[in-house]
Amino acid sequence: MVYCFSDLMCKEVINIKTGTKIGYVDDLELTCPEAKVVSIIVFGRSKFFGIFGREPDTVIKWCDIEIIGEDTILVCFDEPRKRHKKHGFSMETLFK
């Protein structure tokens, strides 16, 4: 089956290993001489309306794609663990 990039952008990417919604396809990586798709890229979510940047992008190799359906793309891969940073301050540090 042949897909246009605009068709892939409308599909939601879901990791079947963890059951999480990753997002929508935002970009593709292609090989130059062969013009083959190497991976799909889902941009990270923006932090506070994009003022504080965004989370890291998710790069999914083409071989990790299980099924491309009408509405979704099902992938199976190990997502990197995200570290939770403490933002802001606590009341304890405020009164020290």
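**Exercise 1. How many bridges join strand β1 to β2, and do the two run parallel or antiparallel?**

Keep in mind that you're working on a predicted model.

*Solution.*
- Start with β1, residues 12–15: four bridges join this strand to β2, and the pair runs antiparallel.
- Now pick out one facing pair: Asn 15 stands opposite Thr 20 in β2.
- Then zoom out to the sheet, an open one of four strands in the order β2-β1-β7-β6, with mixed pairing.
- Its edge strands are β2 (20–24) and β6 (65–68), each of which pairs on one side only.
- From one strand to the next, the twist averages 25 degrees.

**Exercise 2. Find the residue with a positive phi in the hairpin of β3 and β4, and describe its setting.**

*Solution.*
- First, set up the hairpin: β3 and β4 run antiparallel and are joined by four bridges.
- One of the facing pairs is Leu 30 with Val 37, its bridge partner in β4.
- Six residues sit between the strands of this hairpin, and Ala 35 is the one to look up, with a positive phi near 60 degrees.
- Place Ala 35 on the chain: the loop between β3 (27–30) and β4 (37–42) holds it.
- What makes that phi worth a second look? Most residues other than glycine have a negative phi.
- Last, check the cover: Ala 35 counts as exposed because its relative accessibility is 58%, and the cut-off for exposed is over 50%.

**Exercise 3. Which residues make the nonpolar surface patch of about 560 Å²?**

*Solution.*
- The patch is made by Phe 48, Phe 49, Ile 51 and Phe 52.
- Take Phe 49 as the sample residue: you'll find it in the loop between β4 and β5 (58–61).
- Phe 49 has 76% relative accessibility, so it counts as exposed.

**Exercise 4. Is Cys 76 buried, partly exposed or exposed, and what does it touch?**

*Solution.*
- Locate Cys 76 in the loop between β7 (72–75) and α2 (91–94).
- Its relative accessibility is 27%. Buried would need under 20% and exposed over 50%, so Cys 76 counts as partly exposed.
- Next, list the contacts, leaving out residues up to four places away in sequence: Cys 76 touches Asn 15, Ile 16, Lys 17, Asp 64 and Glu 66.
- Pick Glu 66 from that list: Cys 76 is ten residues from Glu 66 in sequence, and their C-alpha atoms are 6.6 Å apart.
- Asn 15, another of the contacts of Cys 76, is already familiar from Exercise 1, where it stands opposite Thr 20.

Key
Residues are numbered from 1 along each chain as its sequence is written. This is a predicted model: local features need pLDDT of at least 70, side-chain atom pairs count only at pLDDT 80 or more; totals for chains, interfaces and linings use all residues. Side-chain values use heavy atoms; hydrogens and water are left out. Two strands pair if DSSP finds at least two bridges between them. Axes are lines fitted to C-alpha atoms, for helices over the stretch in contact, and angles run from 0 to 180 degrees between N-to-C directions. Buried means under 20% relative accessible area, exposed over 50%, partly exposed in between (1.4 Å probe, protein chains only). Patches are made of residues with over 30% relative accessible area and no salt bridge: like charges are joined within 9 Å, nonpolar side chains (Val, Leu, Ile, Met, Phe, Trp, Tyr) within 5 Å. Accessible areas come from the Shrake-Rupley method with a 1.4 Å probe; for residues, only the protein chains shown count as cover. A salt bridge is a side-chain nitrogen of Lys or Arg within 4 Å of a carboxyl oxygen of Asp or Glu. Contact means heavy atoms within 4.5 Å.
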